[in-house]
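Trainee: Could you take me closely through one packing contact, residue by residue, and then show me how the rest of the fold is arranged around that contact?

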Amino acid sequence: MATNTEVRNLTPLDQSRLWFGFATGICTWLGLGIADLLLAWKVCEAGPNSWGLVSKGSAIAIFAIITLILLGLTIAAGIVSFRNFRRITDNASLAHAEGTGRDEFMALGGMFISLALGIGIVWLGIPLFILDVCTRAR
């Protein structure tokens, strides 16, 4: 009769860290989309050729700062999820990870969500430096 001799960490994870890793990437990606819409709406409010209340440089700087802050939060969520996953899994490789339990699934999902939506945040931020804000809003 074979027995499993590996010792698994049975200490329960802090649920707030688990949820932070899982949900932050989603919230930051949605937040950046909303910030992009609000910024384009306020900047282009006076007309397509006018920059409204803020200058073009100010609008780009505001959006760049928001993008970097939200990207940093997404990266932090990915790191928290990775640490959570390493803490609760007995699998040494991410290539063979399964996420069999709830906590393991949420940690693994948080890593992939943070990676995918982190790339999405970068791709959403790039056009502002190439295209006019009001052109993007149309």
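Mentor: In this predicted model, the contact to start from is made on the α1 side by Q15, L18, W19, G21, F22, G25, I26, T28, W29, L32, G33 and D36, which meet R102, D103, M106, A107, G109, G110, I113, S114, L117, G120, I121 and L124 on the α3 side, where contact means heavy atoms within 4.5 Å. By class, the residues of this contact are 12 nonpolar, 9 polar and 3 charged; here Ala, Val, Leu, Ile, Met, Phe, Trp, Tyr, Cys and Pro count as nonpolar, Asp, Glu, Lys and Arg as charged, and the others, Gly among them, as polar.

As for the geometry, α1 spans residues 15–43 and α3 residues 102–130, and the two helices pack at an angle of about 20 degrees with their axes 8 Å apart. The axes are lines fitted to C-alpha atoms, for helices over the stretch in contact, and the angles run from 0 to 180 degrees between N-to-C directions. The pair α1 and α3 is therefore roughly parallel, given that angles under 35 degrees count as roughly parallel, over 145 as roughly antiparallel, 65 to 115 as roughly perpendicular and the rest as oblique. The crossing of α1 and α3 is left-handed, a term used if the near helix is turned anticlockwise from the far one by less than a right angle, with right-handed used if clockwise.

Residues are numbered from 1 along each chain as its sequence is written, and side-chain values use heavy atoms, with hydrogens and water left out. Because the model is predicted, local features need pLDDT of at least 70 and side-chain atom pairs count only at pLDDT 80 or more, whereas totals for chains, interfaces and linings use all residues. The mean pLDDT of the protein chain is 80, and 74% of the residues score at least 70; pLDDT is the predictor's confidence in each residue, from 0 to 100. Among the elements, helix α2 (residues 56–88) has the highest mean, 89, and helix α4 (residues 133–137) the lowest, 64.

The chain as a whole has 4 helices and 0 strands, in the order α-α-α-α from the N terminus; helices (H or I, at least four residues) and strands (E, at least two) are DSSP runs, numbered from the N terminus. Of its 138 residues, 34% count as buried, meaning under 20% relative accessible area, with exposed over 50% and partly exposed in between (1.4 Å probe, protein chains only). Among contacts with a separation of 6 or more, 75% join residues 24 or more positions apart.

Helix α2 also packs against α1 and against α3, as the next two pairs show. The axes of α1 and α2 come within 7 Å and cross at roughly 170 degrees, which makes α1 roughly antiparallel to α2, and their contact has 16 nonpolar, 9 polar and 2 charged residues. The axes of α2 and α3 come within 8 Å and cross at roughly 160 degrees, so α2 is roughly antiparallel to α3. The crossing of α2 with α3 is left-handed, and the residues of their contact divide into 18 nonpolar, 9 polar and 2 charged.

Individual residues tie these pairs back to the contact we began with. In helix α2, T74 is buried, with a relative accessible area of 1%, and, not counting residues up to four places away in sequence, T74 touches G25, T28, S114, G118 and I121. L70, also placed in helix α2, is buried with a relative accessible area of 14%. Leaving aside neighbours within four places in sequence, L70 is in contact with T28, G31, L32 and I121, while the C-alpha atoms of L70 and W29, 41 residues apart along the chain, are separated by 7.6 Å.

Two further residues, one in α1 and one in α3, complete the picture. L39 of α1 is buried, with a relative accessible area of 13%, and touches A59, I62 and F63, again not counting residues up to four places away in sequence; its C-alpha atom is 9.4 Å from that of I60, 21 residues apart along the chain. F129 of α3, by contrast, is exposed at 54% relative accessible area, yet F129 is in contact with I60 and A64, leaving aside neighbours within four places in sequence. F129 and I60 lie 69 residues apart in sequence and 7.3 Å apart in space, C-alpha to C-alpha.
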